[in-house]
Amino acid sequence: MKRSVVAIAVAAVLAVLGCATVLVYVRSADSRALAGQRAVTVLVAAKRIPIGTSGSQIRSGGYVESVTMPQSSVPDDAMSSVPSSVDKLAVTAEIAPRQLVLRAAFGQPTTVTGGLALPTGKIAVSVDAQGPVDSFVRPGANIAIFDSFSTDPKSNVPDGEKLSSGKDIHQVTRVLLPRVEVIAVGAKTATSTRTDATSDSSSAGTPTSSAAKTLTVAVDQEQAERLIHAVLTGTLYFALLDDSSEIKPGSGVNNTNLFP
């Protein structure tokens, strides 16, 4: 009986020592992984953060926790805290548990309708993209829309004729909408295309599928009317914008002033 008790005690001691050894090894592995690299403290989601959650709610609601990671594996806009500057902003796509919290995840609060996040007061209109730029446009991007149409040389009114018609026509190209927000590309929305931020940040430059030819943009009623009319009477082209891009409406170019 005494031997059994001693055997059980020895087994328990060995189990405790084994667990301690594993814990020490794991911690030392983390230290080795960070050795020679600058470590940074970043925020990850402690639980699911639903789309539309404000910055102030995230800070006070226990949504995030701090972790230490090698700086080389962290995107530049990873957040180490939730600043007051994003209190009135909201996440534009759901953030999954353990996913890094990025500054780019925050935007103006939107209303979710039919699976699309619509900016307040806007409606969604889908149009077909022309040219290779559609492969690089993602939900959340800003674009300028140009309209190339045929017209009588004495007017700027589109006549609906296409260049392929073979007729002697006068072609005009003008800015239709200087800046609008893309809320979906093909069947992909801002929510469905949000990648796990813990993945390699080098994938950020990877274009979306070239098969996605339809862009859905957020516009007001007047913009929607112009856009739909342009679809029916001309050919639309899209230009990808950033914050420094400058697009100014004007008379555009035509067959007579194309070259200086």
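1. What share of the contacts in the protein with a separation of 6 or more is accounted for by residues 24 or more positions apart? In this predicted model, such residues account for 77% of those contacts. The protein has 260 residues, of which 32% count as buried, and it contains three helices and 13 strands. Its accessible surface comes to about 15600 Å², with 57% of that belonging to carbon and sulfur atoms.

2. The interior can be read through its nonpolar cores. The largest nonpolar core has 20 residues, and those touching the most other members are Ile143, Ile145, Leu227, Leu236 and Phe238. At least two residues of this core are supplied by each of strand 7 (123–128), strand 8 (142–151), strand 9 (170–185), strand 11 (214–219), helix 3 and strand 12 (235–241), and the largest share, five residues, comes from strand 9. A second core, separate from this one, consists of 14 residues, including Ala45, Ile58, Val82 and Ala105. In soluble globular proteins, nonpolar side chains tend to be buried together.

3. Ile143 gives a residue-level view of the largest core. When its neighbours within four places in sequence are left aside, the contacts of Ile143 include Leu177, Pro178, Arg179, Val180 and Val182, along with Leu215 and Val217. Ile143 is also in contact with Val137, and with Phe238, Ala239, Leu240 and Leu241.

4. Helix 3 deserves a paragraph of its own. Its 13 residues should span 18 Å at 1.5 Å a residue, and the C-alpha atoms at its ends are indeed 18 Å apart, so the two values agree. Gln223, Ala224, Leu227, Ala230 and Thr233 are buried in this helix, and the buried residues of helix 3 pack against strand 7, strand 8, strand 9, strand 11 and strand 12.

5. Helix 3 (residues 221–233) also holds Ile228, which together with Val231 and Leu232 makes a nonpolar surface patch of about 290 Å². Ile228 counts as partly exposed because its relative accessibility is 45%, which falls between the 20% and 50% limits. A salt bridge joins Arg226 and Glu222, whose closest N and O atoms are 3.3 Å apart; both residues lie in helix 3, four residues apart, which is about one turn of the helix. Arg226, at 33% relative accessibility, is partly exposed, as is Glu222, at 41%.

6. The count of salt bridges comes to four, and two further pairs link separate parts of the chain. Arg48 and Glu94 meet through their side chains at 3.1 Å, N to O; because Arg48 lies in the loop between strand 1 (39–45) and helix 2 (55–60), and Glu94 in the loop between strand 3 (90–91) and strand 4, this pair ties together parts that are 46 residues apart in sequence. Arg59 forms a salt bridge with Asp87, with the closest N and O atoms 2.6 Å apart; as Arg59 lies in helix 2 and Asp87 in the loop between strand 2 (64–70) and strand 3, the pair ties together parts that are 28 residues apart in sequence. Arg59 is partly exposed with a relative accessible area of 40%, and Asp87 is partly exposed with 22%.

7. A last point concerns Gln108, which is found in the loop between strand 4 (106–107) and strand 5 (110–113). Its relative accessibility of 59% is over the 50% limit, so Gln108 counts as exposed. The C-alpha atoms of Gln108 and Ser54 are separated by 9.5 Å, although the two residues are 54 residues apart along the chain.

Key. Residues numbered from 1 in each chain as written. Predicted model: local features only at pLDDT ≥ 70, side-chain atom pairs only at ≥ 80, totals over all residues. Heavy atoms only, no water. Patch = residues over 30% accessible without salt bridge, like charges linked within 9 Å, V, L, I, M, F, W, Y side chains within 5 Å. Areas by Shrake-Rupley, 256 points an atom, 1.4 Å probe, with all protein chains shown as cover. Buried < 20%, exposed > 50% of the residue type's maximum accessible area, 1.4 Å probe, protein only. Core = buried A, V, L, I, M, F, W, Y, C linked by side-chain atoms within 4.5 Å. Contact = heavy atoms within 4.5 Å. Expected span 1.5 Å × (residues − 1).
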